[in-house]
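Student: I'd like to learn how to read a fold from its features. Could you walk me through one?

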Amino acid sequence: LDIKRRIHFILSSAKGFLKQVEGIENVTPVAVVHGRDKDERAKIATELIKIGYKYLAFGGLVPLARNQKEVLQQIAGISDLDNPRIEPDSALAIAKKYGCKIHIFGLNSPEWYRWWKRLEIDSFDGSKLSQEGAANGIIWVTDFSKKEPKSAKDLYRRLSIKKIKTREWENDNLTLSRLNVSPDGELKLQHKGWKYLQSARCTSPKCPHRKNNHSCDPRVTGSIEHNMGRMIINSYAFEAIMSHIDMLYEMANNINDFEGREWLNNWKRIEVQS
């Protein structure tokens, strides 16, 4: 009974919101598809489309983020991750059938991007960059050397700054101190984000490293400059990872013979099952 009431509330609210924004220039209303399983999500998606929505977002997936199979089952009916097909009665297939654009709330790791690319999702968001970088002290380091990558995890490594063996500031009070690290913490980056952080001064009065003027090096914690610096580094890394995934996706969808290159199936477009 509570579920029926909740669905009724969602649909009535969605209908009212659509009327509120009707005629407003440059506004695209987005309706959110929730549900406990594939059937509930398909039912709600169908009703939202009937109401008139052209842009659907899938919510309530973050608690399931570690369970790829469950997420993909709920939105697309996918049960076999090695040979995925979108079931025609799933919410995603229904949205595609009626030409709706699709957004995913909360799942934006590199590996999720691989799935969204293959499913031809229009947009997504999430807090992975801030969670990994600012909160958890993780730096993403790209590595595209693997010849037959099978997932986004093969395209980068996660460097935990707390596990770097040696981190010491140069003892020079007259200049902007730089961080000396052991080989396991070296970052050979060339992008503008890294160059900026190496030349910018940390200005936080609460930073534990404030005894010397020092750069906003992301390999230490202590101030928002250091913490946000990891987000900057990870943003550049994520952009490079997404571009590489795009390249692999195009490669996988533009060859006819997969013999000897079966690994490319992991990057191929996922179709609606006929």
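Tutor: Sure, we'll go through sheets, cores, a pocket and a few single residues; keep in mind that this is a predicted model.

Student: Let's start with the strands. In what order do the 4 strands of the open sheet come, and what is the sense of the pairing?

Tutor: For a sheet, you read the strand order and then the direction of each pairing. Here the order is S1-S2-S3-S4, and the pairing is parallel. At the edges sit S1 and strand S4 (123-124), each of which pairs on one side only. Within the sheet, S2 and S3 are joined by 4 bridges, and Ala-57 has His-103 in S3 opposite it.

Student: And S5 and S6, in which sense do they pair?

Tutor: Those two are antiparallel, with 5 bridges between them. One residue to look up is Trp-140, whose bridge partner in S6 is Arg-158.

Student: Is strand S5 largely enclosed or open?

Tutor: For that, you go by burial, where the cut-off is under 20% relative accessible area. Strand S5 covers residues 138-142, and 4 of its 5 residues are buried, so the rest of the structure largely encloses it.

Student: Now the cores. Which residues have the most contacts inside the largest nonpolar core?

Tutor: With a core, you look at its members and then at the elements they come from. This one has 36 residues, and the best connected are Leu-48, Leu-56, Phe-58, Ile-104, Trp-116 and Leu-119. Elements that each supply at least two residues of this core include helix H1 (2-20), helix H2 (38-51), strand S2 (55-58), strand S3 (101-104) and H5. Another core, of 18 residues, lies apart from it, and Trp-140, Tyr-156, Ala-252 and Phe-258 are among its members.

Student: What does Trp-116 touch, leaving aside its neighbours within four places in sequence?

Tutor: Skipping those neighbours is how you pick out the contacts made between parts separated along the chain. For Trp-116 the list is Val-71, Leu-72, Ile-75, Ile-104, Leu-107, Ile-121 and Phe-124.

Student: On to the largest pocket. How much space lies in it, and which residues lie nearest its centre?

Tutor: For a pocket, take the volume and then the lining. The volume is about 640 Å³. Its lining has 20 residues, with Ala-65, Arg-66, Ser-109, Trp-112 and Lys-128 nearest the centre. By type, the lining splits into 6 nonpolar, 8 polar and 6 charged residues. Helix H5 (110-118), helix H6 (128-135) and strand S6 (156-160) each contribute at least two residues to the lining.

Student: What about loop residues? Is Ser-204 buried or exposed?

Tutor: A loop position alone doesn't settle that, and you check the accessibility. Ser-204 sits in the loop between helix H7 (192-199) and helix H8 (224-252). Its relative accessibility is 17%, so Ser-204 counts as buried. Beyond its neighbours within four places in sequence, Ser-204 contacts Arg-210, Ser-223 and Glu-225.

Student: Last one: which sign does phi have at Asn-26 and at Glu-120?

Tutor: With phi, you check the sign together with the residue type. Asn-26 has a positive phi of about 60 degrees although it is not a glycine, and Glu-120, also not a glycine, has a positive phi of about 55 degrees. Asn-26 is in the loop between H1 and S1, and its 76% relative accessibility makes it exposed. Glu-120 belongs to the loop between H5 and S4 and is partly exposed, at 39% relative accessible area.

Notes: Residues numbered from 1 in each chain as written. Predicted model: local features only at pLDDT ≥ 70, side-chain atom pairs only at ≥ 80, totals over all residues. Heavy atoms only, no water. 1 Å grid on protein atoms, 1.4 Å probe; cavity = no way out; pocket = protein on both sides within 12 Å on 5 of 7 lines; lining within 4 Å. Points joined across faces, edges and corners; volume = space filled by probe spheres on them. Nonpolar A, V, L, I, M, F, W, Y, C, P; charged D, E, K, R; others polar. Core = buried A, V, L, I, M, F, W, Y, C linked by side-chain atoms within 4.5 Å. Buried < 20%, exposed > 50% of the residue type's maximum accessible area, 1.4 Å probe, protein only. Contact = heavy atoms within 4.5 Å. Pairing = 2+ DSSP bridges.
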